[in-house]
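Let's walk through a structure together, one feature at a time. Keep the picture open beside you as we go.

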Amino acid sequence: MDALGIRQAVVAGFDWGARTADIMAVLWPERCKALVSVSGYLIGSQAANAKPLPPAAELQWWYQYYFATERGKAGYAANTNAFNKQIWQLASPRWAFDDATFARSAASFVNPDHVAIVIHNYRWRLGLAEGEPQYDGLEAKLAAGPPVTIPAITMEGDANGAPHPDPVAYRAKFAGVYDHRLIDGGIGHNLPQEAPAAFANAVLDAARMVG
């Protein structure tokens, strides 16, 4: 944003992008005009991730434990596209995407750092890898679960097959002007791509929520 000369912007995303947007909103609210976050408040901590979940929820995170092993690291490197296509199918079971649609996103996986970043993310979450020490201060702030104080819209698809929190569980994390939207029609985890008009409208509406 500094490089582009942008002082403030609406930040929006899903999955890792939603987590990034949430983090920007709480650490640098003066730079964020408003927030759109699919699946709500996704800021976590190693301490929170150490708490066991019910078996059904743990099952959804199977790949997190796979990535904790060297076999999983090697398996992901050898089968990156096949792995991610399976995740897309599990996370958005009613989205009939074609091979060309997947291929456009899969091009971003062709990166020498991709596998290492993915593996490190999940191992860090389980306390199996160290973070970057220069960011320890920021991690401590995030671990406290600070509220989002800027105007925000959270969204969820009615057919999200990926692990995601109940909107009731994170409502209190949004202390400013707030709206939650459930998008129906078989919308899965990749809401921005499966329901682009609804996502774009949320961004525009969030910008108008600023008083």
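**Reading the model step by step**

Q: Which residues does aspartate 205 touch, not counting residues up to four places away in sequence?
A: A contact means heavy atoms within 4.5 Å. Leaving out residues up to four places away in sequence, aspartate 205 touches Ile153 and Arg181. This is a predicted model, where local features need pLDDT of at least 70 and side-chain atom pairs count only at pLDDT 80 or more, while totals for chains, interfaces and linings use all residues. Residues are numbered from 1 along each chain as its sequence is written, and side-chain values use heavy atoms, with hydrogens and water left out.

Q: Where is aspartate 205 found, and is aspartate 205 buried or exposed?
A: Helices here are DSSP runs of H or I with at least four residues, strands are runs of E with at least two, and both are numbered from the N terminus. Aspartate 205 sits in helix H12, residues 196-208. For burial, under 20% relative accessible area is buried, over 50% is exposed, and in between is partly exposed (1.4 Å probe, protein chains only). Aspartate 205 has 24%, so partly exposed is the right label.

Q: And histidine 114: what does histidine 114 touch, and why does histidine 114 count as buried?
A: Histidine 114 belongs to helix H8, residues 114-125. Its relative accessibility is 15%, which is why histidine 114 counts as buried. Setting aside residues up to four places away in sequence, histidine 114 touches Tyr76, Thr80, Asn84 and Phe109.

Q: How many residues does the largest nonpolar core have?
A: A nonpolar core is a set of buried Ala, Val, Leu, Ile, Met, Phe, Trp, Tyr and Cys residues joined through side-chain atoms within 4.5 Å. The largest one has 16 residues, and Val26, Leu35 and Ile150 are among those with the most contacts inside it. Helix H1 (16-27) and strand E2 (32-38) each give two or more residues to this core. H1 supplies the largest share, four residues. A second, separate core has 13 residues, including Met155 and Phe199.

Q: Zooming out, how many helices and strands does the chain have?
A: There are twelve helices and four strands in the chain. The radius of gyration is 17 Å, close to the 17 Å from the globule rule for 211 residues, so the chain is as compact as a globular protein of that length. That radius is taken over C-alpha atoms, and the rule is 2.2 Å times the number of residues to the power 0.38. Of the 211 residues, 38% count as buried.
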